[in-house]
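This report looks at a two-chain model, from strand pairing to the contact between the chains. Please keep the structure in view while reading.

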There are 2 protein chains.
Amino acid sequence: MKKAILASTSTLHGEDYLSYLLPHLNNLYGSNKEILFIPYARPGGISHDDYTKKAKQAFKKANLDLRGIHEFEKPLDALKNADGIFTGGGNTFLLVSELYRNGIMETLRQVVLYGTPYMGTSAGTNITGLTMGTTNDMPIIQPKSFKTLGFVPFNINPHYLDPDTNSTHKGETRETRIKEFHRINTQPVVGLREGSWLELDGNEITLKGQLSARIFECNKEAYEVEPNTTLTHLN
Amino acid sequence: MKKAILASTSTLHGEDYLSYLLPHLNNLYGSNKEILFIPYARPGGISHDDYTKKAKQAFKKANLDLRGIHEFEKPLDALKNADGIFTGGGNTFLLVSELYRNGIMETLRQVVLYGTPYMGTSAGTNITGLTMGTTNDMPIIQPKSFKTLGFVPFNINPHYLDPDTNSTHKGETRETRIKEFHRINTQPVVGLREGSWLELDGNEITLKGQLSARIFECNKEAYEVEPNTTLTHLN
């Protein structure tokens with residue numbers, strides 16, 4: 001029985017790290033638990049220790065302890081024994097590369113499918129789709145594979161950004177990039193705006209937060225779905 | 001003797017495709033030549049034929065004919081016999097993937113190093129660095145390798161964009177991304193703003209256009225270089 005929060009971003013503008021997600025942590029993880037943190041994505045190049053410290057401080061506000069997976073001698077055992085798992089954001093290529101390099105991608109998949117509660121933000125959410133093919137990140141390292149956890153039967157684009165109609169910049173818009181993705185891939189893509197998350201409860205997938213999400217299906221016009229819509233049948 | 005124009009973008013805001021580069025094409029390629037076009041990057045998913053047609057129309061204004069590499073039965077021979085080569089922009093992952101899949105990456109490198117004039121825009125410029133690790137594109141397909149042509153001894157970030165100080169969006173700035181790149185890679189990165197290009201003439205590398213470029217060296221503060229600066233010694 002999967003149970004997960006897949007959030008577009010860790011932090012809303014003007015708020016503290018994870019602040020808007022704190023009210024939902026106990027529902028996901030329970031309380032007085034020790035959560036296993038996966039810091040591999042290293043936002044801005046921050047060290048595993050510093051990143052873990054930052055997440056630990058935030059989780060403390062929800063009466064949850066937290067420990068970095070890099071602190072364990074046997075990361076596979078850490079995954080199997082964890083009360084819950086949180087994967088933080090940063091660079092998706094680095095995160096996926098490290099998950100494969102440390103040989104834990106498949107075990108991470110297994111424990112969450114069998115019920116260990118999971119939260120991801122940004123890159124940590126990106127990897128819960130079928131592939132990392134709709135990340136916004138820079139390919140700073142080459143992972144063994146782009147295939148990811150597949151907790152949902154589609155791809156996710158976190159930090160989804162609407163086209164800036166005033167821009168004179170000729171770089172591609174997000175929508176153009178996803179259109180390019182669909183020239184060679186067929187799975188749907190969920191564009192999750194900042195402040196939105198997907199709630200997974202067993203086989204149910206529900207959009208949460210205040211904002212609509214943008215859904216891109218291959219060979220269809222993109223469309224919006226409102227909060228509390230189920231996305232269970234999107235595949 | 002390398003001879004190349006490595007442009008950040010194909011099109012400036014409010015201008016026609018390649019318009020600002022047309023005055024420089026004859027200096028690079030000569031005139032009345034047939035240029036070989038590499039359309040693999042397929043911007044917005046456009047077909048090879050449509051993309052070639054678009055480039056052909058622009059090149060005609062400089063008295064240059066153009067033919068797509070996909071029209072040749074033997075692309076390796078096409079590369080070896082070409083009067084000049086132009087690689088258009090689009091998705092860098094797709095471009096690199098196709099260059100490897102068609103077995104032409106190494107030959108493309110050889111013919112340009114031995115003197116076939118080359119122009120790239122956007123993705124076509126990205127691949128002239130040491131790796132594609134500083135592309136802005138979405139990883140819509142997994143290439144065999146991130147290693148690219150190495151016409152310059154550094155990486156290039158095309159469409160370089162300064163941080164938007166008014167933005168409330170939490171996605172990483174370009175500078176943050178490049179900083180993450182430098183946590184695991186050591187080569188310099190040249191952030192080429194739209195309208196800028198690098199001119200390669202033998203071993204000389206010179207910044208051209210009206211704007212400064214932003215240079216990121218590992219473990220150094222980023223700095224600006226002015227047009228007509230030589231970047232020959234950056235490595």
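Two strands count as paired if DSSP finds at least two bridges between them. With that in mind, take one bridge in chain B: B:Ile85 stands opposite B:Tyr118 in S5(B). The model is a predicted one.

**The sheet of chain B**

That pair belongs to a longer match. Strand S4 (residues 85-87) of chain B runs parallel to strand S5 (residues 118-121) of chain B, and 3 bridges link them. Both strands sit in an open sheet of 7 strands, ordered S3-S2-S4-S5-S1-S8-S9 (chain B), with mixed pairing. At its edges are strand S3 (65-68) and strand S9 (204-208) of chain B, each paired on one side only. From one strand to the next, the twist averages 20°. A helix covers part of this sheet. Helix H5 (residues 105-113) of chain B packs on it and touches strand S2 (34-38), S4 and S5 of chain B. The direction of H5 makes about 130° with that of S4(B).

**The sheet of chain A**

In what order do the strands of chain A lie in their open sheet? The order is S3-S2-S4-S5-S1-S8-S9 (chain A), again 7 strands with mixed pairing. Strand S3 (65-68) and strand S9 (204-208) of chain A form the edges, and each pairs on one side only. The twist averages 20° from one strand to the next.

Two strand pairs of chain A show both senses of pairing. In general, strands of a sheet pair through backbone hydrogen bonds, either parallel or antiparallel.

| Strand pair | Sense | Bridges |
|---|---|---|
| S1 (residues 3-7) and S5 (residues 118-121), chain A | parallel | 4 bridges |
| S8 (residues 197-201) and S9, chain A | antiparallel | 5 bridges |

Within the parallel pair, A:Ile5 has A:Met119 in S5(A) as its bridge partner. Helix H5 (residues 105-113) of chain A packs on the sheet. Helix H5 of chain A touches strand S2 (34-38), strand S4 (84-87) and S5 of chain A, and its direction makes about 130° with that of S4(A).

Within the antiparallel pair, A:Trp197 is bridged to A:Lys208 in S9(A). S8(A) and S9(A) make a hairpin, with 2 residues between them. In the turn, A:Gly202 has a positive phi of about 65°.

**Between the chains**

How many residues does each chain bring to the contact? Chain A brings 48 residues and chain B brings 48 residues. The size of an interface is often given as the accessible area lost when the parts come together. Here chain A and chain B bury about 3800 Å² between them, and 58% of it lies on carbon and sulfur atoms.

Polar links cross the contact too. There are 13 residue pairs in polar contact between chain A and chain B, with both residues at pLDDT 80 or more. On the chain A side, helix H4 (92-101) and helix H7 (174-184) are the elements that give two or more residues. H7(A) gives the most, with 9 residues. By type, the chain A side divides into 16 nonpolar, 21 polar and 11 charged residues.

**Salt bridges**

Side chains of opposite charge can pair when their charged atoms come close. The count between chain A and chain B is 2 salt bridges. One of them joins the side chains of A:Arg177 and B:Asp137, at 3.9 Å from N to O. Over all chains, the whole structure holds 20 salt bridges. Among them is a pair inside chain B: B:Arg101 and B:Glu98, whose closest N and O atoms are 2.7 Å apart. Both residues lie in helix H4 (residues 92-101) of chain B. B:Arg101 and B:Glu98 are 3 residues apart, about one turn of the helix.

Notes:
Residues numbered from 1 in each chain as written. Chains lettered and ligands numbered in written order. Predicted model: local features only at pLDDT ≥ 70, side-chain atom pairs only at ≥ 80, totals over all residues. Heavy atoms only, no water. Contact = heavy atoms within 4.5 Å. Buried area = accessible area lost by both parts, 1.4 Å probe. Salt bridge = Lys/Arg side-chain N within 4 Å of Asp/Glu carboxyl O. Polar contact = N/O pair within 3.5 Å; in protein donor to acceptor, adjacent residues only side chain to side chain. Nonpolar A, V, L, I, M, F, W, Y, C, P; charged D, E, K, R; others polar. Axes fitted to C-alpha atoms, helices over the stretch in contact; angles between N-to-C directions.
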